[in-house]
Amino acid sequence: MQIQEFYTGKAFDADSFFGGHPGAQGTHFAVWAPSARQILVVLSSPAGQPLGEYPMQKTYSGCWETDVPAAVPGQCYQYRVTGADGSVVDHCDPYGTAMTLRPDGRSIVQGPSAFVWTDGPWMERRTKNFDSPMTIYEAQAGSWQRKPDGSLYTYEELAGMLPGYLRDNGYTHLEWMPLSEYPFDGSWGYQTTGFFAPTSRYGTPDQLRALINACHEAGIGVILDFVPVHFAVDSYGLRRFDGTPLYEYPAAAVGESEWGSCNFMHSRGEIRCFLQSAADYWLREFHADGLRMDAVSRLIYWQGDPARGVNGSTLEFLRGMNSGLQKRHPTAMLIAEDSTDYPKITAPVEYGGLGFDYKWDLGWMNDTLDYFRKTPEERRQNLGKLTFSMMYFWREHYILPFSHDENVHGKATILQKMYGDYDGKFPQGRTLYLYMMIHPGKKLDFMGNEFGQLREYDENRAQDWELFRFPLHDGFAHFRRELQQLYLRYDAFWAGEYNADHFRWLDCDHPEEDVCAILRRGHASTVFALFNFSDRQMPHYTVPLPGPGRVEELLNTDWQCWGGTTERPGTPLTESAARTFTAGLAPYSGRLFLLSATE
């Protein structure tokens with residue numbers, strides 16, 4: 001790292017200088033704390049036995065350094081900072097690459113990684129998936145599954161379980177909720193203390209590498225949640241690191257987030273380097289295939305509130321970070337979790353954009369789930385909730401998310417949100433997911449939704465896998481698996497999906513009948529789906545086709561094999577069609593067809 005680039009916010013490798021770096025003569029420590037009066041490296045054993053205190057010297061402007069011959073990999077340390085306000089606080093290393101298990105707040109000296117990657121072929125062929133299928137499984141490492149005694153699986157144990165499960169169920173990517181070290185389980189990792197340190201809840205950094213490597217070998221990409229907006233308030237973390245508001249804003253009006261955490265002050269070059277170096281670290285050291293940036297709306301507007309205006313310094317930070325990451329990792333994905341209508345989120349920086357590759361379409365999620373909550377009578381006045389998304393879809397590269405945020409805080413799970421009683425929710429849910437798949441945009445679904453989880457997410461419990469004993473849940477899981485395999489098989493679902501020429505409404509003009517039909521055209525296939533969102537049987541639903549062809553039924557959400565009322569034919573139903581096609585639809589159902597040119 002060139003020190004001047006650190007001060008001006010241009011460095012992406014600040015971790016190469018700051019932190020603890022073992023060498024032949026012990027470990028070199030460096031930390032940035034411009035207003036500190038004194039800093040000691042406090043060395044200890046993993047069990048907490050004191051091993052000595054070593055004073056640091058102030059070198060560059062605001063930087064403190066020292067060499068500790070006694071410090072070797074595996075030992076623990078903190079910086080004892082005498083702050084400008086006279087306080088004496090032991091802090092973990094902001095650039096530390098491993099930490100002890102909560103509530104202990106010590107960093108761990110780490111030598112170079114000993115892990116041997118075997119994912120070279122994956123990394124060579126990796127793309128951003130604009131013209132490829134992408135179905136993302138969002139998960140939290142501690143509550144996907146647990147051991148019979150309730151304890152957590154390690155990274156390595158998950159490596160033997162999760163990649164195969166995802167592959168078998170038609171997922172292409174795994175998105176982890178934050179794995180950077182955090183103190184409070186209830187924050188789910190979104191209030192971080194160790195921005196460079198994988199959480200020790202599940203093992204070591206090399207064990208996390210093994211998990212990601214196993215995913216790649218199974219053909220599964222890995223996206224990591226990254227939190228560049230705010231950090232945990234715990235005293236041993238970044239808060240008032242040198243006795244002043246160093247990483248955070250000094251004024252509470254903008255320095256404290258709605259979650260009670262501290263907001264980063266992105267106008268400082270040193271803070272920008274800290275965050276963009278951390279982002280680069282996860283992509284570089286852990287072969288992550290993408291970063292999903294949390295709470296981007298809070299970076300666009302002051303406190304996420306458009307009424308308070310655009311935050312120019314954070315937008316400058318985002319453009320600089322994304323531009324640098326795109327150059328360093330041209331095939332990795334940068335994804336914005338953003339609820340605003342701020343333009344050009346996914347446009348390149350050189351074209352006036354923020355430089356993300358994808359943006360979550362939270363408007364689509366809210367409108368779609370609101371529609372499926374409604375009674376049949378209410379739906380007749382609200383079909384626009386399903387069609388509105390295509391009015392703006394072409395402005396950005398969207399991902400359609402049914403994320404963890406829709407499975408917590410009294411919102412109910414996705415299946416629970418469906419209109420009707422227990423039995424009635426499943427046909428609604430099957431139709432919902434067919435609609436999601438035929439709608440343009442990459443797909444994201446939270447763990448448990450694939451089998452109809454009926455309990456909100458709890459970080460202290462595994463998913464309710466015993467639900468597979470119940471026929472409706474087992475049938476729902478089989479439906480989801482077959483639907484996703486069809487998505488992977490036919491390029492009509494994803495090829496050219498950000499090009500308006502590949503999408504067509506076959507019918508969306510009869511809201512009083514609660515029906516619609518969508519056609520998707522790929523490079524090698526064309527599919528279309530018919531939907532009946534009402535409680536009425538529809539024996540004859542006729543839609544126009546772009547031309548004559550052969551129609552083959554691929555899937556019916558009402559087939560008995562997953563809990564519906566219609567017998568699945570032994571061989572796929574096929575028929576020739578001219579410029580219209582007519583099919584019957586059960587209540588709350590959808591049917592998917594393949595359209596082939598007539599020979």
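Two strands pair if DSSP finds at least two bridges between them. In this predicted model, 4 strands form an open sheet in the order S1-S2-S6-S5, with antiparallel pairing. Aromatic pairs are the other main topic, and a search of the whole structure finds 64 of them.

**The open sheet**
- The edges of the sheet are strand S1 (19-23) and strand S5 (57-58), each of which pairs on one side only.
- Strand S5 and strand S6 (residues 63-68) pair in the antiparallel sense over 2 bridges, and Gln57 stands opposite Glu65 in S6.

**Aromatic pairs**
- Among the aromatic pairs found in the whole structure is that of Phe241 and Tyr247, whose ring centres are 6.2 Å apart and whose planes stand at 80°, so the pair is edge-to-face.
- Both residues of that pair, Phe241 and Tyr247, are buried.
- The rings of Trp364 and Tyr435 have their centres 6.4 Å apart and their planes at 15°, so this pair is stacked.
- Because Trp364 lies in helix H10 (residues 362-373) and Tyr435 in helix H15 (residues 422-438), the stacked pair ties together parts that are 71 residues apart in sequence.
- Trp364 counts as buried at 1% relative accessibility, and Tyr435 counts as buried at 0% relative accessibility.

**Charges over ring faces**
- Arg201 lies over the face of Tyr182, at 3.7 Å from the ring centre.
- Arg292, in turn, lies over the face of Trp360, at 4.3 Å from the ring centre.

Definitions and conventions
Residues numbered from 1 in each chain as written. Predicted model: local features only at pLDDT ≥ 70, side-chain atom pairs only at ≥ 80, totals over all residues. Heavy atoms only, no water. Phe/Tyr/Trp six-rings, centres within 6.5 Å; stacked < 30°, edge-to-face > 60°. Buried < 20%, exposed > 50% of the residue type's maximum accessible area, 1.4 Å probe, protein only. Lys NZ or Arg CZ within 6 Å of the ring centre and 35° of its normal.
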